Amino acid sequence: MTTKVLLTHHHRDAIENAADRGFWMPLPLEADQLKDVMYLTSLSYGETTLKQLVEVASFEPWRESDGIERWLPFLGQRLDLPRPLPLGDRRLLAGWLPRQREAVQIIELDALLAAERLSDVLAGSGACCHLPRRAAVSAVVNAGVGTERAA
């Protein structure tokens with residue numbers, strides 16, 4: 001199992017408000033995209049770093065009046081990253097970084113934790129890529145984020 005993080009876009013206080021409510025907003029995802037997603041994070045305009053994750057307890061199907069099936073993430077506790085993760089090279093992130101509330105990217109947790117900056121998890125083309133698994137930072141394990149170390 002490869003633990004994954006769902007990255008989306010929302011206003012600055014969205015993570016805190018959603019964790020207090022216990023759920024995020026419905027997102028137009030495919031069921032196979034949900035596999036192994038254990039955390040969610042969000043960026044807002046003007047932010048330059050990722051600072052925290054929120055646990056995803058489960059996803060429930062949600063159908064709105066437009067007929068599109070969405071998935072509603074139910075949330076657990078918020079977890080601060082051991083260090084803020086700078087976004088990095090904006091040219092690489094252009095077109096990849098979610099800029100609308102329903103836009104998402106799915107990133108491997110190990111790659112996110114091992115990166116010096118978010119743009120490090122991208123190929124030079126700006127497309128999402130799957131990096132080789134690297135050992136998770138031990139400080140994160142101590143901070144309560146349960147990850148498996150790569151063998």
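The largest pocket of this predicted model encloses about 250 Å³ of space. Its lining is formed by 16 residues, of which Arg-12, Ile-15, Glu-47, Lys-51 and Gln-52 are the closest to the pocket centre. Three elements each give two or more residues to this lining, namely α1 (14–21), β2 (37–43) and β3 (49–63). The largest share, four residues, is supplied by strand β3.

In chemical character, the lining of the largest pocket divides into seven polar, six charged and three nonpolar residues. Among the residues closest to the centre of the pocket are Arg-12, Glu-47 and Lys-51, and each of these residue types is counted as charged. Ile-15, also in the group closest to the centre, belongs to a nonpolar type, whereas Gln-52, another member of that group, is of a polar type.

The chain as a whole contains four helices and five strands. Along the sequence, these elements are arranged in the pattern β-α-β-β-β-α-β-α-α. The pattern thus opens with a strand and ends with two helices in succession.

Of the 151 residues in the chain, 45% are buried. Contacts were also examined by the separation of the two residues in sequence. Among contacts between residues at least 6 apart, 68% join residues that lie at least 24 apart. The accessible surface of the chain amounts to about 7,900 Å². Carbon and sulfur atoms account for 50% of this accessible surface.

Notes: Residues are numbered from 1 along each chain as its sequence is written. This is a predicted model: local features need pLDDT of at least 70, side-chain atom pairs count only at pLDDT 80 or more; totals for chains, interfaces and linings use all residues. Side-chain values use heavy atoms; hydrogens and water are left out. On a 1 Å grid over the protein atoms alone, a cavity is a set of points where a 1.4 Å probe fits but cannot get out, and a pocket is an open set with protein on both sides within 12 Å along at least five of seven lines; lining residues have an atom within 4 Å of a point. Grid points are joined across faces, edges and corners, and a volume is the space filled by probe spheres set on the points. Buried means under 20% relative accessible area, exposed over 50%, partly exposed in between (1.4 Å probe, protein chains only). Contact means heavy atoms within 4.5 Å. Accessible areas come from the Shrake-Rupley method with a 1.4 Å probe; for residues, only the protein chains shown count as cover.
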